[in-house]
Every structure is written in structure tokens, then in C-alpha cells.
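Please open the model in a viewer, with the sequence panel alongside. The tour below moves from a single side chain to loop backbones and then to the whole chain.

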Amino acid sequence: MWSGVPLFPERASTMASRVDALYFFLLAVGVFFSILIAGLIVFYAVRYRRRSETAVGEVVHGATGLEVAWTVIPFVITMILFVWGASVFFAMSRPPDETINVYVVGKQWMWKFQHLDGRREIDELHVPVGRAVKLIMTSEDVIHDVFVPAFRVKADVLPGRYTEIWFEATKPGRYHLFCAEYCGAKHYGMTGQVVVMEPSEYQTWLSGGVPEGSLASAGEKLFADLACNTCHRPDAQGRGPVLDGLFGRQVQLTSGETVVADEAYLRESILNPAAKVTAGYQPIMPTFQGLVSEEQLLELIEYVKSLHPPQQEGKK
Ligand code: CUA
């Protein structure tokens with residue numbers, strides 16, 4: 001309906017029509033009540049205008065029917081909006097189990113994308129149509145915000161932590177990607193494109209990549225280069241916890257608390273190892289703050305994710 005209207009972005013993801021439906025409902029409620037109220041103001045101003053010098057308005061002592069109506073009707077409308085909005089919000093914030101994960105690092109003023117197989121791109125993101133894609137995002141400097149209008153997804157990209165969004169593109173094509181948070185002089189130029197491809201085309205694109213190896217294998221190399229493997233090892237010389245099968249598991253800390261080993265936890269444990277020490281270990285790990293870049297952090301995290309527990313060996 002709106003495809004011909006230049007101000008209205010195309011719908012190219014599974015969420016787009018759900019977001020639009022809610023948006024149009026909000027708009028309709030807003031327009032309806034604006035017209036109703038403005039109309040009534042004019043109507044009553046004319047109808048109950050002062051007709052003579054001595055005219056005095058009638059004193060009204062309550063009108064139960066009216067009061068119930070203007071309480072119940074807005075209540076019902078706001079509850080509809082709340083339940084509807086919450087359901088869309090939950091659908092947007094919970095990615096499906098099976099997703100293609102892409103790491104995103106924002107910096108003044110560009111977008112860097114890292115695919116798990118090792119392909120990297122700048123200001124361009126290639127994804128297949130019909131598959132759920134999850135972006136795991138962080139910033140190297142200030143706050144940015146990733147916004148793909150055609151997918152109706154938008155989220156802040158923050159330094160020092162990971163935020164996630166997901167989408168499933170429904171139509172091949174090229175779509176604008178914007179930075180939607182003022183981030184400095186060239187904020188306006190921090191744009192890019194999402195290229196949605198047919199699955200077969202996408203496979204071709206992926207295999208045309210650089211023979212650098214996967215993100216996890218880059219992480220494995222870094223793990224050895226930084227000598228992480230001298231402590232994180234299963235034998236008697238291992239002074240740090242073994243990381244196999246760690247990702248996603250509950251970890252018991254020396255403080256008695258438990259945390260889930262997610263991306264944020266791994267990141268913190270690399271940059272500020274003393275913050276959350278695994279029970280049974282000494283806080284002897286040095287910090288790697290300043291020694292590894294955001295992209296290298298992602299490689300290390302992806303390497304740890306790829307370490308399955310011993311019985312699942314070989315399932316990298
Ligand atoms: Cu990055 Cu605005």
C-alpha cells in the first residue's frame with residue numbers, strides 16, 4: 001500500500017509488518033482522538049457560547065456515566081497497546097535458536113562486520129534471505145546506533161558491552177543502514193548497506209572470501225600468541241579454568257555468586273579478570289585491557305564458544 005510513498009521505507013523483514021501494524025494503530029488512535037477533541041472544542045465553543053450579558057453557566061455536580069466512560073475507554077485502549085506492544089517487543093528481542101551470527105564493531109565513522117567464517121566487511125553486510133541473522137554489536141569509541149529502516153530494527157551500539165538485534169530478511173535487495181546516534185562530525189557519513197542475497201548467491205559470496213580461516217581459528221591463534229594456553233589447560237600446570245564447554249554454562253564464582261558465561265562475561269574476564277573469579281582459582285590473571293582490540297576480543301570469544309566439552313570433540 002505504501003510502496004509508492006517515498007517517505008515510507010520498504011518492508012523487507014519478518015518483523016516489518018508487525019511493527020507497521022502497531023505503528024498505524026497508534027497513529028489511528030492519535031488521529032481519531034485529536035480530531036474528536038479539536039472538533040468537540042469548536043462545537044461546544046459555538047453551542048454553549050455566551051448569548052447574553054447575564055447568562056451564567058449551569059453548575060454540574062458529577063456525571064457518573066461520563067466519568068466511567070472516560071476512565072474505562074482509555075484504560076482498554078492503553079491495555080491493548082501495552083499487550084500488543086509487549087508482544088512485538090518480545091518477538092524482536094528474542095532471536096530464534098538458529099541464527100547466523102555476525103559481529104559488528106562500530107567506530108567513528110564506519111561499520112565493521114565480521115562473519116564467523118572469517119569474512120570481514122566494512123559498511124556493507126551480506127546476508128541470505130529467509131534466514132534469521134543475529135548481530136552482536138559493540139563500539140570501539142563512542143555510542144553509535146545501528147538502524148535498518150527496511151527491517152524495522154534499531155539498537156544502540158555501546159562501547160564496553162554487547163548489544164544484540166536480529167532480523168530475517170524477506171526480500172533480496174540492497175537496504176540502507178544508518179547510524180542513528182549522533183557520534184561526531186561525520187555521523188552523517190556513517191552509513192552502509194545490507195545486501196540481502198538468495199541463499200545460493202550467498203554461499204557463493206561466502207566461499208569467495210579471503211582464505212584467512214574462521215573467526216574461531218583466528219581466536220585460537222591469538223589465544224596461543226597471547227599465551228592464554230599456558231594457564232588455561234587441563235593438566236596440573238593449569239592455573240586458570242579450562243574453557244572447554246564454558247560458553248553458556250553457569251559459573252560458580254569465589255564470591256559465592258553464579259553467572260552465566262555469555263559474551264559479556266567473557267569480555268569482562270579478558271579485560272578485567274579480577275572482577276569475577278571462578279571458584280577454586282586465584283585472581284592471578286593479568287588484564288588484557290589495551291592489548292587486544294574489539295575485533296580481537298570477538299575472535300577470542302568466538303574461539304571460546306567453539307570449544308565444546310570433551311565428549312563432543314570434533315564438533316567445531
Ligand atoms: Cu556513529 Cu552516528
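Select D145 to begin: this residue is buried (under 20% relative accessible area, with exposed over 50% and partly exposed in between, for a 1.4 Å probe and protein chains only) yet has no salt bridge. A salt bridge here requires a side-chain nitrogen of Lys or Arg within 4 Å of a carboxyl oxygen of Asp or Glu. The nearest side chain of opposite charge belongs to K154, 4.9 Å away; Lys and Arg count as positive, Asp and Glu as negative, and His and the chain ends are not counted.

The model is predicted: local features need pLDDT of at least 70, side-chain atom pairs count only at pLDDT 80 or more, and totals for chains, interfaces and linings use all residues. Residues are numbered from 1 along each chain as its sequence is written, and side-chain values use heavy atoms, with hydrogens and water left out.

Keep D145 selected and display strand β6, where D145 is found; strands are DSSP runs of E with at least two residues, helices runs of H or I with at least four, both numbered from the N terminus. Next, add D156, whose backbone nitrogen lies 3.3 Å from a polar atom of the D145 side chain. Then show the contacts of D145 (heavy atoms within 4.5 Å): leaving aside neighbours within four places in sequence, these include W111, F178, C179 and E181.

Move to R152, in the loop between β6 (144-148) and β7 (153-157). Phi of R152 is near 60 degrees, a positive value in a residue other than glycine. Is R152 buried or exposed? At 11% relative accessibility, R152 counts as buried.

Select D123 next, in the loop between β3 (120-122) and β4 (124-128). Here too phi is positive, near 60 degrees, and D123 is not a glycine. D123 counts as partly exposed because its relative accessibility is 24%.

Now go to W109, in the loop between β1 (100-107) and β2 (110-115). The peptide bond to inspect runs from Q108 to W109: it is cis, with omega near -5 degrees.

Finally, zoom out to the whole chain. Its secondary structure comes to six helices and twelve strands. The C-alpha trace spans about 100 × 50 × 40 Å along its principal axes. Buried residues make up 36% of the 316 residues. Of the contacts with a separation of 6 or more, 65% are between residues 24 or more positions apart.

Technical notes:
A polar contact is a pair of N or O atoms within 3.5 Å; within protein, one must be able to donate a hydrogen and the other to accept it, and residues adjacent in sequence count only if both atoms are side-chain atoms.
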